[in-house]
Structures are given as C-alpha cells and as structure tokens.
Amino acid sequence: MRQRYTDCGEKLSAASGINELMEDLGRALHGGGMIMMGGGSPAHIPAMEQVWRGRLEQILATPGAMETMLGDYDTPRGRPDFLETIAGFLRRETGWPVGPENIAVTTGSQAANFLLFNLLAGEAAGERRRILFPLVPEYIGYSGQGLTPDIFRAWKPGIELHGADTFKYRMQFQELTDDIAAMCVSRPTNPSSNIVTDDEVRRLSAMARERDVRLILDHAYGFPFPGVVFGEATMPEWEEHIVHTFSLSKLGLPATRTGIVVAEPEIIQRIGCMNAQLVLATGSMGEAITGPLFASGEIARLSREVIRPFYRERAQRTLAALRESFAGYEHYRVHECEGAFFLWLWLPRLPVSDVELYERLKRRGVLVVPGSYFFPGLQEEWEHTGQCIRLTYGVAETSEIQRGLDILAEEVKGLGEK
C-alpha cells in the first residue's frame, strides 16, 4: 500500500537520525552492554531512591491513595491539590505571586515546550511566527518540535577561550526580527552546561517586554529544583511575559513523565485545552509521589543537599578523568561546567564528522551524542557544529566513565589531525 502522509507527518518522520540515536541510547540504558556516556537520564542516587521508595510505601499504606493515583483521571491541568501545592512552593522559594491558575502539568517538560512552541509560533493570519534560540547549542529535543516548517531561528554564539583547555559560549545579542513570537533558553543549557547569566536573562526579558513577545525559560536542570547549578545564577523576578517550564525527571523520576508550566492564566488555560485534546488528563504518579515533598519544602532541601553535591562531584571527577585520558593531546577544549549532567567537548582538529566519530565509538562499545544535532535554527554554515560531542556523567559508574574516556581519547588521537 502506498501511504500518503501530511507535511507534518513527513517532517516528523524525517527526524530519523535523532530517532535512531535515541533508540541506541535506550537500548544501552536497558542492558545493551555499552558504556553509557550519551542520553540525559538522571543518576540512580541512593538517597533519592530511598525517598521515592518511602513515598511509595506511604501511598500503599494510605487507604485509597494507590487507588486514586492509578484509577482516577486527573483534570487536563493536573490534580487540583498539586497545582495549589506547586503554587505555594514557588511563592516560598522564588517570591513569585502565583496561584493554581498559573500552573499546568504536562506529560513531561518536552511536551510542555512542544505545546508552547506550537501555541505561540507557526502560521497565523498569513504570517509565519518563529521561535528564537538566543544561544546555541541548545537542547536536542527542541529541534523537531515545530509543526510548521522552518519555525526556528538562532543566534550564533561567541566563544571565549579560558586557560589551556576550556571555553565558554557567550550570547551575541541582535535585534529581534518581526517574525519572532517567542525566545527560548534552557538554564543550565543542555548540552553545554552553560548558564545564561542573570544580566543576560534580564536583557532578554527587556527585549521580550519591549517587542510584546514571550520568553520561555526551561529550568529542567535549574532552580529551585533539581538545582543542578554550579555557577552563579538566581531565579528571575515574576513577569507575565515570561513562561517557565520545570520537570520532575531530573529529580530522579523520568518515567513519571511530569512537566510543569508556570505562566500567566491565559497561557495556562490554553495548555489545559491542548492537554484535553492530546492526552485527556495528565498522569498522576509524579504528582502523587512528590506532592507532600513540595508541600513540606523537602524537595528544595534534597536539591541543595543531595542532588547538587552528587552531580558536582561527578562533574569534577569526570573532568579530571577526561584530562587524564587526553594527556599529550593539545587539540581539545571542554566547555566550562556550570551545571546539568554533561561535559561538552570541542575537537577543533577532528578530521571526521561528529557523526562519524559517534559511529566509530559505538562500534567500540561507547555511546556519546554527536554535537551537530544541538544547533536548531542556526541558518549559517559553521564548522564548529560538527566538531563537538556531548558526554553525560550521570549514568555510568566512575570506572566505566574512565574506560569510555580512554577509548574516546584513543580514537581521537588515532584519527590524527585535520
């Protein structure tokens, strides 16, 4: 049978390279015999798993709690008591004047961004409205989310060289063009771990306010939870043109698929309507497990005292291991590690593409993520995009990470220089 697909269907199915990559990462994570240095899964932190086990035991011991969690539909925006709880948590932790009318739950924060991108941008009244990424590289999951073709634009960053082997991307501000409906920044940034500074956020906010567009801040790794921030950063003040997204995944609950949107009520009402059509109701497990922990403020404490120190130590160990593996090879730089779960490696003399390096490493039992997938919306050709790879230190044990880095360095050194 010759099937005819819509333009949207063709566009989504054309993202096969990223889909194959995600299939590889999923197989590796579930017993594929590979050294897992790709993907963005959180670590299995024993202290956090003890918390989740305790909460599940409490739910099972409470008459009706399990039955409600598994057997009842929630509203399209989430459990009403959870919306109240999150609003109270944010009032205490950030000072934002928000209520439940400012909160919507989604099936993961990636779904939240999909809904926001296509709510705000696309074809409208004969015009095409776009999403701008003010700093790339940016999250791989954004790249295929536009239902309208050519929906993304990006500003090319500046590069600051630091010391002998590190660097940092800097935002290069430009004028907003008339087709921009919203800007989006992840903070800390997946993949580079770069933190957009407080001053840069304020400047983006001022531009958005002046041009009457939205600024979307993706806090999947940031404050106030899970708080995997090593550099200097604070939460911005509440402004109605800023939309915030959060996730339970990086707390250690990725399988619950729970995202949270915080915005002015009109946006939230529309997210609820879209949820109702797409998924009918949001999933309950993440809300049921974490609700009391948000209500008590325990999530903030766990973020500060358990999650952040765990990843900070992992980052420091992995960076030391990388330097040990690449000893004697001068042509590499790693981005300043300011948060999240990743090291972003730049190989300016790499004689093959990042995708070819990925395939070579996969054949040797090591999974990384090619960097060229992380530049959505960048219009100009830039050699740098094919010279980077993302390494995660959240999943594999330290000994495995060292072995994987040794294989990576051996492969890069063996390829020679361009």
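**Salt bridges**

I looked first at R214 and E264, which form a salt bridge with their closest N and O atoms 2.9 Å apart, the term standing for a side-chain nitrogen of Lys or Arg within 4 Å of a carboxyl oxygen of Asp or Glu. This pair links distant parts of the chain, since R214 sits in strand β9 (residues 214–218) and E264 in the loop between β11 and α9 (265–278), 50 residues apart. I noted E264 as buried at 10% relative accessibility, where buried means under 20% relative accessible area, exposed over 50% and partly exposed in between (1.4 Å probe, protein chains only). For the element names I relied on DSSP runs numbered from the N terminus, helices being H or I of at least four residues and strands E of at least two.

Before going on I recorded that this is a predicted model, in which local features need pLDDT of at least 70 and side-chain atom pairs count only at pLDDT 80 or more, while totals for chains, interfaces and linings use all residues. Residues are numbered from 1 along each chain as its sequence is written, and side-chain values use heavy atoms, with hydrogens and water left out.

I found 25 salt bridges in the structure, and I followed two further ones. The side chains of R314 and E397 meet at 3.9 Å, N to O; R314 lies in helix α11 and E397 in the loop between β16 (388–392) and α13 (398–415), so this pair ties together parts that are 83 residues apart in sequence. R314 counts as buried, at 10% relative accessibility.

The side chains of E411 and R364 meet in another salt bridge, at 3.0 Å from N to O. Here E411 belongs to helix α13 and R364 to the loop between α12 (354–363) and β14 (366–367), 47 residues apart. I listed E411 as buried with a relative accessible area of 12%, whereas R364 counts as partly exposed at 35%. Through shared partners, salt bridges join E356, R360, R363, R364, E410 and E411 into one network.

**Strands**

I turned next to strand β11 (residues 259–262), whose two faces are both covered, with G259 and V261 buried on one side and I260 and V262 buried on the other. In a regular strand the side chains alternate between the two faces of the sheet. Strand β11 pairs in the antiparallel sense with β2 (residues 103–106) over four bridges, and with β10 (residues 242–247) it also pairs in the antiparallel sense over four bridges; pairing requires that DSSP finds at least two bridges between two strands. I saw G259 named as bridge partner of T106 and as bridge partner of S247.

I then traced an open sheet of six strands in the order β6-β7-β12-β13-β16-β15, with mixed pairing. Its edge strands are β6 (158–162) and β15 (369–370), each of which pairs on one side only. Within this order, two bridges join β12 (residues 333–335) to β13 (residues 342–346), and these strands run antiparallel; V334 stands opposite L345 in β13.

**Nonpolar cores**

I looked up the largest nonpolar core, which has 79 residues, and found that Y311, F326 and L408 touch the most other members. Such a core is a set of buried Ala, Val, Leu, Ile, Met, Phe, Trp, Tyr and Cys residues joined through side-chain atoms within 4.5 Å. Helix α11 (residues 298–325) gives the most to this core, with 11 residues. Another core, of 52 residues, lies apart from it and includes Y169, A182, L204 and L215. Leaving aside neighbours within four places in sequence, F326 is in contact (heavy atoms within 4.5 Å) with Y332, L345, L347, L408, A409, V412 and K413.

**Backbone notes**

I checked the cis peptide bonds and recorded one between V136 and P137, with omega about 10°, P137 being placed in the loop between β4 (127–133) and β5 (152–154). A cis peptide bond also joins F225 and P226, with omega about 5°, and P226 is found in the loop between β9 and β10.

I also noted D212, a residue other than glycine, for its positive phi near 60°; D212 lies in the loop between α7 (198–211) and β9 and counts as exposed at 70% relative accessibility. L280, which is not a glycine either, has a positive phi of about 70°; L280 is placed in the loop between α9 and α10 and counts as partly exposed at 47%.
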